[in-house]
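Biologist: Could we go through this structure together? I should like to begin with the metal site.

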Amino acid sequence: MAQEVRGVIAPGKNEPVRVETLVIPAPGPGEAVVQVQACGVCHTDLHYKQGGISDDYPFLLGHEAAGVVEEVGEGVTDVAPGDFVILNWRAVCGQCRACKRGRPWYCFDTHNAQQKMTLASTGQELEPALGIGAFAEKTLVAAGQCTKVDPSVSPAVAGLLGCGVMAGIGAAINTGQVGRGDTVAVIGCGGVGDAAIAGARLAGAARIIAVDIDDRKLTTAEKMGATHSVNSATVDPVEAIRELTGGFGADVVIEAVGRPETYKQAFYARDLAGTVVLVGVPTPEMKLELPLLDVFGRGGSLKSSWYGDCLPSRDFPMLVDLHQQGRLDLGAFVTETIALDEVEKAFERMHGGDVLRSVVVF
Ligand SMILES: [Zn+2]
Ligand SMILES: [Zn+2]
């Protein structure tokens, strides 16, 4: 049966977000309704509000969420009512050319729910952020977007694995293939950069150099596992990283800003045959200029990391287990918990630089 719940929508470009009553349809074939327990506030939600993603308003925001499956539609066998799950925006199809080649973390045809949630007042269809829409008491997703994990973990912590924290950890362990003893530099120490630092520590990196222009962020980065920090507002980060790596550069440099200037820093701060991982998200007008001879002559690999090249069914349960064992402090990413009607305020605080994640808790 369809039901009415409260959720946060972005009504139009740059308009303040607000809580509205939504209609959640009963799950159809392959779908699930999830009772959301917690959902983190991500930059991508802000980009939706600002019109940086598309103009398909109104959006139902929120996509870093954990909750309990309430009801499933026909043909759903992987999850059942009562399961505690993290929502993912990469429900792999199993049919596309990436999946068929055994590389489902690159799936080119990921699934979302077929039915639309609507605004109760007008009947308008809602576009859920990243196909999730979890700043709502309940949401409708494709069943494949639900990944079961150990239910003893705090939902506020677990939900963060659904996006930014997974992107950062995955940039280090999946895309960058950081290994024991490696030197790693991370440029940009917001939530994703800090998660890359935590991922590099988890993978056994010997030296982890945090680079940012804000000393407060560098202090947080050290708590996440950085062994050295460089304020690139006051020193040349390429020189500083070389100095800290015997004059050579880092084995893996993770660019978590997404700008041409910082990408160039990453490119030149890596050792010969090293790896650059771009996990920061650029904007359409940005262009990169590099001497092609340097690209060739320095060897190694230049990679992009999309959602940390994660496979939710493989990575979410593993990272939750490591957290529960005390080997990965995901709790450190939760700066504050807030109520559903405080999302607009959380967007404002995001710019202050003091907040890694505000998490809506239901
Ligand atoms: Zn696929
Ligand atoms: Zn996100």
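Modeller: Certainly. A donor here is an N, O or S atom within 2.8 Å of the metal. Please keep in mind that this is a predicted model.

Biologist: How are the donor residues of the zinc ion (ligand 1) spaced in sequence?

Modeller: Their spacing along the sequence is C-x2-C-x2-C-x7-C.

Biologist: Which atoms coordinate the zinc ion, and at what distances?

Modeller: The SG atoms of C93, C96, C99 and C107 coordinate the zinc ion (ligand 1), at 2.3 to 2.4 Å. C96 lies in the loop between β6 (84-87) and α2 (97-100), while C107 lies in the loop between α2 and β7 (118-119). This pair, 11 residues apart, links distant parts of the chain.

Biologist: Are C96 and C107 buried or exposed?

Modeller: C96 is buried, and C107 is buried as well.

Biologist: Why is the arrangement around the zinc ion called tetrahedral?

Modeller: Because the four donor atoms subtend angles of 105 to 117 degrees. Four donors count as tetrahedral if all angles lie between 85 and 135 degrees.

Biologist: Turning to the interior, how many residues does the largest nonpolar core have?

Modeller: The largest nonpolar core has 86 residues, and L87, F135, C146, I197 and I254 have the most contacts inside it. Helix α4 (residues 164-175) gives the most to this core, with seven residues. Domain 1 (3-162 + 329-361) and domain 2 (168-306) both contribute residues, so the core lies between them.

Biologist: What does I197 touch?

Modeller: Leaving out residues up to four places away in sequence, I197 touches V186, C189, I208, A210, A221, M224, G225 and A226. Another core, of 17 residues, lies apart from the largest one, and I187, V211, V230 and I241 are among its members.

Biologist: And helix α1 (residues 43-50): which of its residues are buried?

Modeller: In α1, the buried residues are T44, D45, L46, Y48 and K49. Their cover includes β1 (3-10), β3 (31-40), β4 (59-60) and α11 (343-350). G51 follows α1 and has a positive phi, near 85 degrees.

Biologist: One more topic: in what order do the five strands of the open sheet stand?

Modeller: The order is β7-β2-β1-β4-β8, with mixed pairing. β7 and β8 (127-128) each have a single partner strand, so one side of each is left without a neighbour in the sheet.

Biologist: In what sense do β2 and β7 pair?

Modeller: Strand β2 (residues 18-24) pairs with β7 in the antiparallel sense, over two bridges. L22 stands opposite L119 in β7.

Conventions. Residues numbered from 1 in each chain as written. Chains lettered and ligands numbered in written order. Predicted model: local features only at pLDDT ≥ 70, side-chain atom pairs only at ≥ 80, totals over all residues. Heavy atoms only, no water. Donors = N, O, S within 2.8 Å, 3.2 Å for Na, K, Ca; no water. Tetrahedral: all angles 85-135°; square planar, octahedral: opposite > 155°, others 65-115°. Helix = DSSP H or I, 4+ residues; strand = E, 2+ residues; numbered from the N terminus. Buried < 20%, exposed > 50% of the residue type's maximum accessible area, 1.4 Å probe, protein only. Core = buried A, V, L, I, M, F, W, Y, C linked by side-chain atoms within 4.5 Å. Domains from an automatic or database assignment. Contact = heavy atoms within 4.5 Å. Pairing = 2+ DSSP bridges.
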